[in-house]
Amino acid sequence: LCQKNQPIERKYMKKIVMSVALLGAALTATAGGYLTNTNQSVAFLRNPAQDAAINLNGVYSNPAGVSFLKQGFHVGVNWQSAFQTREVTSQFAPFAFGANNTSDTKLFKATASAPIIPSLQAAWVKDRWAFQFNFALVGGGGKAEFEQGMGSFESQVALLGLVGPELEALRPGFGFNKYKVDAYMHGKQYVFGTTLGASFRVNDHFSVYGGLRGVYATAHYYGYLKNIQVNPGKGTNFVPATAYFALGAKGMEQVAAGNPTLAPVLTPKIAQLNALSSKTKDVTLNADQHDFGFAPIVGAHFRSKYIDVAAKYEFRTAIAFKNESANSESANNIPALDAYKDGKQVRSDIPALLTFGVQVRPVEGLRLNLGYHHYFDKQAKSGLEGDYRNNKLNAGTKEYLFGAEYDLNKSWEVSAGVQRTVYPNTDAYMNDLSFTTNSTSLGLGVGYRVNDMVKVNAGYFHTFYDIYHKESADYNKTSVKGSDDFTRTNQVFGLGVELTF
């Protein structure tokens with residue numbers, strides 16, 4: 001047993017932990033910033049540049065401009081379906097030790113869907129006043145499922161492939177060169193928002209708005225690493241790693257008991273094998289989060305014969321989740337999962353948002369739109385106190401929008417638009433647990449006015465994401481280099497109806 005007195009206490013063995021941190025793994029915003037949904041009606045899908053438009057969607061995008069709608073009661077009901085994928089292509093040498101892996105590069109892919117995203121918008125325009133209501137999914141937006149787990153925690157298990165040769169050197173036939181693991185992660189997050197406000201038309205050209213949004217945020221995360229196995233003797237048979245290391249430790253204990261002179265040498269190795277046995281136990285994470293938050297909203301709008309100019313500011317919404325968790329004991333003993341322990345408070349603020357918009361009407365029936373959004377992400381607290389993730393950002397998200405709408409006749413109108421979103425991503429901020437990348441979105445659709453009281457909208461919105469490449473000399477704190485390529489896909493379909501009384 002001790003013919004080769006090779007130490008198995010090496011940095012790789014110290015790194016084998018079950019890191020199943022799932023923060024932010026749910027489907028995030030389908031359009032907008034890190035934690036904000038701007039696609040709150042089908043009008044947005046048709047043309048995302050809505051910041052100075054005069055329509056019912058204005059109760060979200062341009063509330064001050066609603067004062068210029070025709071007198072009466074307006075109500076709109078919208079239904080959207082969003083479908084996403086989240087893809088991380090990870091390169092990490094120990095992945096090659098996986099029983100089902102053919103190289104050191106592995107694709108981790110999640111599918112995410114929100115088949116029913118409802119919203120309700122209403123406005124009562126009376127004289128100079130417009131009283132407004134909006135209910136929508138203002139953040140989150142669905143669920144994401146990684147059926148094969150994620151690189152951030154499989155990389156920890158993959159380190160077993162580096163430990164195997166050390167055990168082989170310690171005792172021929174005791175080593176291994178492959179691992180197996182069952183990994184799964186599922187997350188969902190919804191942030192429902194209700195906004196009440198009023199705008200006042202000061203004169204024929206200028207109006208102002210004030211309102212308050214209340215949100216209810218709820219999230220659930222479930223994931224596991226289980227059935228970790230190795231192949232003793234580098235064969236084709238796999239055995240549970242926890243039992244295998246425990247058996248090895250027991251065998252050493254028996255040798256040490258029969259040979260007291262070997263006890264000083266074997267005692268630390270017995271401890272190390274017992275540690276491996278403990279660290280390869282099944283880990284299950286099961287956490288629920290929910291909280292309420294409020295944010296004031298103000299806006300202003302200027303209108304003339306050929307041009308509209310508008311601005312809106314949404315204050316930061318403070319969200320402080322308190323975990324209700326039923327994690328396995330093994331999960332509660334892992335420092336990386338502190339943010340999911342029962343009773344822990346986790347911040348997930350919705351950042352403040354400043355928008356500007358311009359609408360130009362150069363000829364009858366044609367409306368051209370420009371917009372700009374700035375999200376104050378760095379000021380929105382995210383994560384545990386003392387280690388807020390927003391501190392890893394240097395700026396805020398920026399969006400640039402352009403769109404056009406044209407009336408074909410009294411009944412039909414067509415529209416299209418483009419949105420470019422630039423995130424302040426940094427290598428320190430980016431990880432496979434929660435990410436998005438710079439993107440370009442295209443929207444198009446039609447509106448059909450059935451009569452003076454009924455209008456139907458249909459739209460389609462597709463987002464093309466860039467690839468963000470991240471190199472790391474200490475991949476997921478494993479002391480081994482690696483890299484990740486992050487990207488996503490997104491498409492949204494929508495149908496809505498507006499009624500005017």
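This section describes a pocket, a helix and several loop residues in a predicted model.

The second largest pocket encloses about 890 Å³ of space. Its lining comprises 37 residues, of which I54, N55, E413, R449 and K455 are the closest to the pocket centre. Several secondary-structure elements each contribute at least two residues to this lining: the helix α2 (42-46) and the strands β13 (366-375), β15 (398-407), β16 (412-422), β17 (439-449), β18 (454-465) and β20 (482-500). By residue class, the lining of the second largest pocket divides into 13 charged, 12 polar and 12 nonpolar residues.

Helix α6 covers residues 241-258. For its 18 residues, a rise of 1.5 Å a residue leads to an expected span of 26 Å, and the end C-alpha atoms are indeed 26 Å apart, so expectation and model agree. The buried residues of α6 are A241, Y244, F245, G248, A249, M252 and A256. Viewed down the axis of α6, these buried residues fall within an arc of 135 degrees and therefore line one face of the helix. An α-helix has 3.6 residues a turn, so residues three or four places apart point the same way. On the other side of α6, the residues L247, Q254, A257 and G258 are exposed. The cover over the buried residues of α6 includes the helices α5 (160-170) and α7 (263-279), together with the strands β5 (206-230) and β6 (239-240).

Two loop residues were examined for their backbone conformation. Most residues other than glycine have a negative phi. D127, which is not a glycine, has a positive phi of about 55 degrees. This residue, D127, is found in the loop that joins β2 (105-126) to β3 (129-146). S479, likewise a residue other than glycine, has a positive phi near 70 degrees. The position of S479 is in the loop between β19 (468-472) and β20, the latter being a strand that also supplies at least two residues of the lining of the second largest pocket. With a relative accessible area of 28%, S479 lies between the limits of 20% for buried and 50% for exposed residues and therefore counts as partly exposed.

A further loop residue, L159, is placed between α4 (151-158) and α5. L159 has a relative accessibility of 0% and so counts as buried. The C-alpha atoms of L159 and G98 are 10.0 Å apart in space, while the two residues are separated by 61 residues in sequence. Helix α5, which follows the loop containing L159, is also among the elements that cover the buried residues of α6.

Technical notes. Residues numbered from 1 in each chain as written. Predicted model: local features only at pLDDT ≥ 70, side-chain atom pairs only at ≥ 80, totals over all residues. Heavy atoms only, no water. 1 Å grid on protein atoms, 1.4 Å probe; cavity = no way out; pocket = protein on both sides within 12 Å on 5 of 7 lines; lining within 4 Å. Points joined across faces, edges and corners; volume = space filled by probe spheres on them. Helix = DSSP H or I, 4+ residues; strand = E, 2+ residues; numbered from the N terminus. Nonpolar A, V, L, I, M, F, W, Y, C, P; charged D, E, K, R; others polar. Expected span 1.5 Å × (residues − 1). Buried < 20%, exposed > 50% of the residue type's maximum accessible area, 1.4 Å probe, protein only. Arc of directions from axis to C-beta. Contact = heavy atoms within 4.5 Å.
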